[in-house]
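Me: I would like a close look at one part of this model, with its charged pairs explained step by step. Please keep the wording plain.

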Amino acid sequence: MESITEFDLEKTSYRSRFMGSINGQDEGTTLQLCGWVHRRRDLGGLYFIDLRDRSGVFQVSVGPDWTDPESLAIARDLGAEDVVEVEGEVTLRPSDARNPEMATGEVEMKATRVRLLNEAVTPAIPVFRSPEEELPSEDLRLRHRVLDLRRAEMQRNLELRHCLVLAVRNYMDGLGFFEVETPILTKPTPEGARDYLVPSRNHPGEFFALPQSPQLYKQLLMASGLDRYFQIARCFRDEDLRADRQPEFTQIDIEASFIQPEDLFGWIEGLMESLAAVAGREATIPFPRMPYGEALESFGSDRPDLRYALKIQDWTEALGTLEFRVVQGAIEAGGRARGLMFEDGARLSRKQIEALESAAKAAGAPGLLWVKRTDDGGSGPLSRFLEETHYEALGMSPGDLALVAAGPDSMTSPALDAVRVPALTALGVEPTEEDAWLWVVDFPIFEEIEDGALTPAHHPFVHPHPEDAHQLETEPLKTRGQAYDLVFNGVEFGSGSIRNHRPEIQRTILRHLGLTDQEIDHKFGFLLEALTLGAPPHGGIALGMDRIVKDFLGTPSLRDVIAFPKTTAARALFEGAPTPLSDEELRELHLQRFGPEE
């Protein structure tokens, strides 16, 4: 029995194979190919058609000496994006007509037959464009997504996504994890963002929620004895959007029993090493670890980009003696003066510094102080308050620039984080070539918000750090959790923790969040009941699939790696969603329409 070849697998009733791999070894072979007309050239009755399918572009020649008259007439009238079937013999192109920039550029087909399978209207946006042509606007491309997805770049993006998802499944299966699907229609629970709600037609006045994550279900699976679970999970969050956010997204969801963080770190580092290899990136394991407090102190962020070595410095002592009320007042109020020093940074223009000031303000700071050291003193808002001893204390030489933020760490950290990489980029500092991976660990369980109320730093299901468990009841803000984030080049790839498997610890955390026992039982009673049935110690992580593909490819937006994404206004332009319902449809769902004024 003859073995099945790759081309046999590609074969269908319409075609012999995909066209992207056709080369000189196929000379003399008669093939049947199908695809879209990429472009057509008319050389006075001799037609050259660049035919495109998912695998690439292939040149087909149609001429009176080898093509039947009916097919010749069809070729004469073909337009961009028409769908055709061609049949003919693969021949070598003349040496002076070969195209080394095309994978199939040394050969062509002399088509004996051309069949029009479907005619296309004039495309609203071009699929074929020269390299120097700009893409149409993103909204226009999303409105005509079918055409946009035909571009080779988009198809390569989705191909890589497919390969990465397949690699995840193979890797997790190799570790003995079961893939289990969890419900999409579930119970509303507070997880830090608004739920998308779905009215129940059969139960008037009651609602399902689309899951923000499978968090509670995967914990229930651990209580059920499944031991190792993963899922390529669809999740939904009704929140404002950015380039790295979508209302519906995909995550690699993982949970396992009888583990500590070290077990999970090893598994996930191996997974990232496998995925990086598929994408042509680097992942040198083990990844470094950094406590949450150190990340904020040194970089102002819990997702620092370690491809840049510059760290934030504490200049409270160096600047504490300044007769400058802005700095003195901040320090007297319990804050600090912290900053960044850029060697040779004085060459930044006033306009560039103003852009950095705007970035700091957007991050919540009232402003940004700066000074340039010169041979005869300095320039900038801080310069008139500084003596030679101050410059020495700051470690500044002539030509250097210092950016300073004064106030509480909750203000100075995000402000300095917002300007660190943009300032280095403006100075032409290139990141290291090696990708920077990092585990940020030991997050606090709680953060304080207005009026002294507490909110989860991660989520409310994290287990206290063993060294801090004794103070959970009395000093919750000082209690660290066994929580961790995976960071890649300054982007959070994933977030996870060891969970609470003891119901009394879980109830204590929920009480600190302001929930009464009655509210706890109503919202989380099913989870607490499962924990009373002998739940094992367990933990896991959720990794952003969309974000991994985006950052491995280096594309500017998540919309470049999702087939049918939403706009920043949470609209699906191609299909026209969301859309209003009629009064009759609303009545069937037991809903009533209210205008904005009502």
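Is Arg-151 buried or exposed? Please start there, then go on to the salt bridges and to helix α13.

Reply: The model is a predicted one, and every value below is computed from it.

Arg-151 counts as buried, because its relative accessibility is 6% and buried means under 20%. Its partner in a salt bridge is Asp-148, with the closest N and O atoms 2.8 Å apart. Asp-148 is buried as well, at a relative accessible area of 1%. Side chains of opposite charge can pair when their charged atoms come close. The pair does not stand alone: a network of salt bridges links Arg-129, Arg-141, Arg-145, Asp-148, Arg-151 and Glu-153.

The helix α4 covers residues 145-148, and Val-146 has its place in it. Val-146 is partly exposed, with a relative accessible area of 38%. Together with Phe-564 and Phe-574, Val-146 forms a nonpolar patch on the surface. The accessible area of these three residues together is about 260 Å².

Other salt bridges can be read in the same manner. A search of the whole structure finds 45 of them. One joins the side chains of Arg-41 and Asp-50, at 3.3 Å from N to O. In this pair Arg-41 is partly exposed, with a relative accessible area of 30%, whereas Asp-50 counts as buried at 5% relative accessibility.

Another salt bridge is formed by Arg-373 and Glu-388, whose closest N and O atoms are 2.8 Å apart. Arg-373 belongs to strand β14 (residues 369-374) and Glu-388 to helix α12 (residues 388-394), so this pair ties together parts that are 15 residues apart in sequence. Arg-373 counts as buried, at 11% relative accessibility. Glu-388 is partly exposed, with a relative accessible area of 42%.

Next comes a charged residue described by its contacts. Asp-517 is found in helix α15, which covers residues 517-531. Asp-517 is partly exposed, at a relative accessible area of 33%. Leaving aside neighbours within four places in sequence, Asp-517 is in contact with Arg-507 and Arg-511. From Asp-517 to Arg-507 there are 10 residues in sequence, and their C-alpha atoms are 8.0 Å apart in space.

Last is helix α13. This helix has 18 residues, 409-426, and spans 25 Å from its first C-alpha to its last. That is close to the 26 Å expected at 1.5 Å a residue. The helix has a kink of about 25° at Arg-420, shortly before the proline Pro-422. Arg-420 is also among the buried residues of α13, which include Met-411, Ala-415, Leu-416, Val-419 and Ala-423. An α-helix has 3.6 residues a turn, so residues three or four places apart point the same way. The buried residues of α13 are covered by parts that include α8 (292-299), β13 (336-342), α11 (350-362) and β16 (401-407). Just after α13, Gly-428 takes a positive phi of about 80°.

Definitions and conventions:
Residues are numbered from 1 along each chain as its sequence is written. This is a predicted model: local features need pLDDT of at least 70, side-chain atom pairs count only at pLDDT 80 or more; totals for chains, interfaces and linings use all residues. Side-chain values use heavy atoms; hydrogens and water are left out. Helices (H or I, at least four residues) and strands (E, at least two) are DSSP runs, numbered from the N terminus. The expected span of a helix is 1.5 Å times one less than its number of residues. The bend at a residue is the angle between axes fitted to the seven residues ending there and the seven starting there. Buried means under 20% relative accessible area, exposed over 50%, partly exposed in between (1.4 Å probe, protein chains only). Contact means heavy atoms within 4.5 Å. Patches are made of residues with over 30% relative accessible area and no salt bridge: like charges are joined within 9 Å, nonpolar side chains (Val, Leu, Ile, Met, Phe, Trp, Tyr) within 5 Å. Accessible areas come from the Shrake-Rupley method with a 1.4 Å probe; for residues, only the protein chains shown count as cover. A salt bridge is a side-chain nitrogen of Lys or Arg within 4 Å of a carboxyl oxygen of Asp or Glu.
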